Number of protein chains: 2
Amino acid sequence: MTEHAFDQAVALAATTPDHFTGHIPQTYGNMVGPFGGAIAATLLNAVLLHPDRLGDPVSMTVNYAGPIADAPFTIQARAARTNRSTQHWLLELVQEGQVATTATVFTARRQPTWSDGERQPPSVPSSDALSSVVPIGFPGWTARYDFRFVRGELTLDGREQADSETVLWVRDEPPRPLDFLSLMALSDVFFPRVFLRRQTPMPAGTVSITTHFHADADSLARQGGRHVLAVARGQRFHNGYFDQTSELWGDDGMLLASSSQVVYFKG
Amino acid sequence: MTEHAFDQAVALAATTPDHFTGHIPQTYGNMVGPFGGAIAATLLNAVLLHPDRLGDPVSMTVNYAGPIADAPFTIQARAARTNRSTQHWLLELVQEGQVATTATVFTARRQPTWSDGERQPPSVPSSDALSSVVPIGFPGWTARYDFRFVRGELTLDGREQADSETVLWVRDEPPRPLDFLSLMALSDVFFPRVFLRRQTPMPAGTVSITTHFHADADSLARQGGRHVLAVARGQRFHNGYFDQTSELWGDDGMLLASSSQVVYFKG
């Protein structure tokens with residue numbers, strides 16, 4: 001069986017316990033360098049592959065500091081602090097002697113507690129009732145996902161919109177069982193909300209994304225390769241930067257991950 | 001004129017261009033160690049004081065990795081990447097040879113662009129129409145703020161609530177002109193949402209907080225020392241961790257900062 005393109009993209013080779021080399025292929029290419037979600041997943045993979053790792057991811061922040069060329073890079077992953085059941089990681093992705101990406105990851109062994117889903121998913125048709133759409137105006141990586149929009153599709157017709165909410169079903173294409181790596185990548189699958197508001201292309205890119213994981217191994221296994229429900233909206237657009245928040249829901253209505261990001265734009 | 005207690009708390013002395021020493025006093029004490037907002041602001045202060053700093057804060061993530069003792073600590077602040085108008089920082093707070101806190105900060109010089117406040121603040125009475133309340137069940141640092149609750153107050157009467165939203169007006173006590181440091185601290189001023197849901201005390205604490213800044217020098221100056229409108233709610237509570245999102249609004253209705261955090265709880 002051929003390895004899934006996503007697994008090829010996030011693959012790393014350990015050179016020391018704390019250092020890994022990788023090279024995200026053009027299959028996950030974006031306007032400049034690779035799709036940010038693939039970069040984030042590759043950084044997370046360094047933590048998951050690290051021999052000292054304790055527990056599962058609970059929170060990750062990725063800062064996109066500079067472009068990544070279509071060439072190998074090195075990731076340094078360092079456990080800054082290890083407690084009894086939690087661990088804090090610092091990561092740097094370096095290429096040609098320059099730091100291109102930084103990240104922090106918090107991992108933990110979870111214990112059963114009182115639990116509740118306070119936030120609820122929107123009411124939507126099932127993914128089966130919707131058609132796959134190839135988003136316009138985006139390069140390579142979008143072909144690696146199956147997008148089924150409920151609302152908030154990009155038209156690029158230049159007509160300003162009053163709100164930037166998008167609701168869609170999305171999964172890897174071809175289907176791949178959901179894991180922490182693909183969930184991290186999916187949390188960056190939303191195009192910049194300023195495109196929705198202005199419906200016109202302009203330079204824009206995520207500078208920092210933070211994802212909180214609620215999923216555990218059991219809920220990932222239950223979700224498998226089916227579509228997750230993805231919802232995003234912008235908050236304030238101001239002098240070159242805006243923030244957008246998002247949620248990824250399992251098709252059983254459970255919140256798998258929540259995320260926020262700050263995005264650069266010009267125009 | 002005596003220095004404000006907040007300025008005393010976040011004060012740092014440079015020992016090298018990248019290293020600072022500090023000691024957050026008991027005036028900002030929490031259950032274990034200092035109030036997380038004061039820790040975050042102190043880390044941000046290292047960036048603001050750094051001779052190489054470029055631009056103003058746009059995004060900050062703080063990871064609380066271990067307790068901080070009532071003793072001096074060292075902060076290392078390193079510019080991992082400096083671009084033409086943006087900069088990415090990595091920070092570590094070390095005490096007794098152990099990393100107690102890590103952080104990343106993104107700073108930028110902003111340029112005028114198309115701007116819009118998509119998310120709107122809730123309709124609320126003005127801060128003048130409400131009384132100051134001292135939150136129950138919290139130690140030292142809460143006396144450093146003036147809290148005026150619109151809704152979502154802590155009762156600790158043990159009656160479970162269906163939602164965890166809190167809306168309040170809050171400012172430093174005594175008043176202090178708002179700046180990036182106090183805005184960062186205010187973004188962590190919300191008590192853990194699980195207390196609201198369960199209205200019972202239990203071990204809980206932020207493990208990671210991310211704040212996106214929309215305020216610039218002009219809007220901070222306009223806000224001055226008046227109350228900001230603070231809104232927070234939880235999303236999913238699951239096996240030891242939950243996420244909460246929040247917004248801080250100026251009294252002119254502009255979003256000054258948005259924030260999300262993941263919180264540990266036991267019970």
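The two copies in this predicted model meet through the same surface, because 100% of the interface residues of chain B are also interface residues in chain A. Chain B can be laid on chain A by a turn of 180° with a shift of 0.0 Å along the axis, and the fit has an RMSD of 0.0 Å. That is just what a two-fold axis does.

How much do the chains bring to this meeting? Chain B puts in 68 residues and chain A puts in 68 residues. The size of an interface is often given as the accessible area lost when the parts come together. Here the area buried between chain B and chain A is about 5,800 Å², and carbon and sulfur atoms give 50% of it. On the chain B side, Trp114(B), Glu118(B) and Arg236(B) stand out: they supply 15% of the area that chain B buries against chain A, more than any other three residues.

Charged side chains also reach across the boundary, with six salt bridges found between chain B and chain A. One pair to look for is Arg78(B) and Glu92(A), whose closest N and O atoms are 2.7 Å apart. This pair crosses between chains, running from strand 4 (residues 73–82) of chain B to strand 5 (residues 86–95) of chain A. Glu92(A) counts as buried because its relative accessible area, 13%, is under the 20% cut-off. Arg78(B), with a relative accessible area of 28%, is partly exposed. Swap the chain letters and there is a salt bridge again: Arg78(A) meets Glu92(B) at 2.7 Å, N to O.

Over all chains, the salt bridges come to 29. Some of them sit inside one chain, such as the one between Asp251(A) and Arg226(A), where the closest N and O atoms are 2.6 Å apart. Asp251(A) lies in the loop between strand 12 (241–249) and strand 13 (255–265) of chain A, while Arg226(A) lies in the loop between helix 5 (217–223) and strand 11 (228–238), so the pair ties together parts that are 25 residues apart in sequence. Both ends are partly exposed, Asp251(A) at 36% relative accessibility and Arg226(A) at 43%.

Chain B has a link of this kind too, a salt bridge of 3.6 Å (N to O) between Glu160(B) and Arg198(B). Glu160(B) is in the loop between strand 8 (145–151) and strand 9 (166–172), and Arg198(B) is in helix 4 (residues 193–198), which puts the partners 38 residues apart. Arg198(B) is buried, with a relative accessible area of 19%, whereas Glu160(B) is partly exposed at 49%. Back in chain A, Asp7(A), Arg176(A) and Asp179(A) are joined in a network of salt bridges.

Now for the nonpolar side of things. The largest nonpolar core has 67 residues, and Leu91(A) and Tyr145(A) touch the most other members. Helix 2 of chain A gives the most to this core, with nine residues. Apart from this core lies another, of 66 residues, among them Phe6(B), Phe20(B), Ile209(B) and Ala215(B). Leaving out residues up to four places away in sequence, the contacts of Tyr145(A) include Phe6(A), Tyr28(A), Phe35(A), Val170(A) and Leu186(A).

Helix 2 of chain A is also mostly covered, since 13 of its 14 residues are buried. How far apart are the end C-alpha atoms of helix 2 (residues 36–49) of chain A? They are 20 Å apart, which agrees with the span of 20 Å that its 14 residues should have at 1.5 Å a residue.

Technical notes: Residues numbered from 1 in each chain as written. Chains lettered and ligands numbered in written order. Predicted model: local features only at pLDDT ≥ 70, side-chain atom pairs only at ≥ 80, totals over all residues. Heavy atoms only, no water. Salt bridge = Lys/Arg side-chain N within 4 Å of Asp/Glu carboxyl O. Helix = DSSP H or I, 4+ residues; strand = E, 2+ residues; numbered from the N terminus. Buried < 20%, exposed > 50% of the residue type's maximum accessible area, 1.4 Å probe, protein only. Expected span 1.5 Å × (residues − 1). Least-squares fit on C-alpha atoms with pLDDT ≥ 70 in both. Contact = heavy atoms within 4.5 Å. Core = buried A, V, L, I, M, F, W, Y, C linked by side-chain atoms within 4.5 Å. Buried area = accessible area lost by both parts, 1.4 Å probe.
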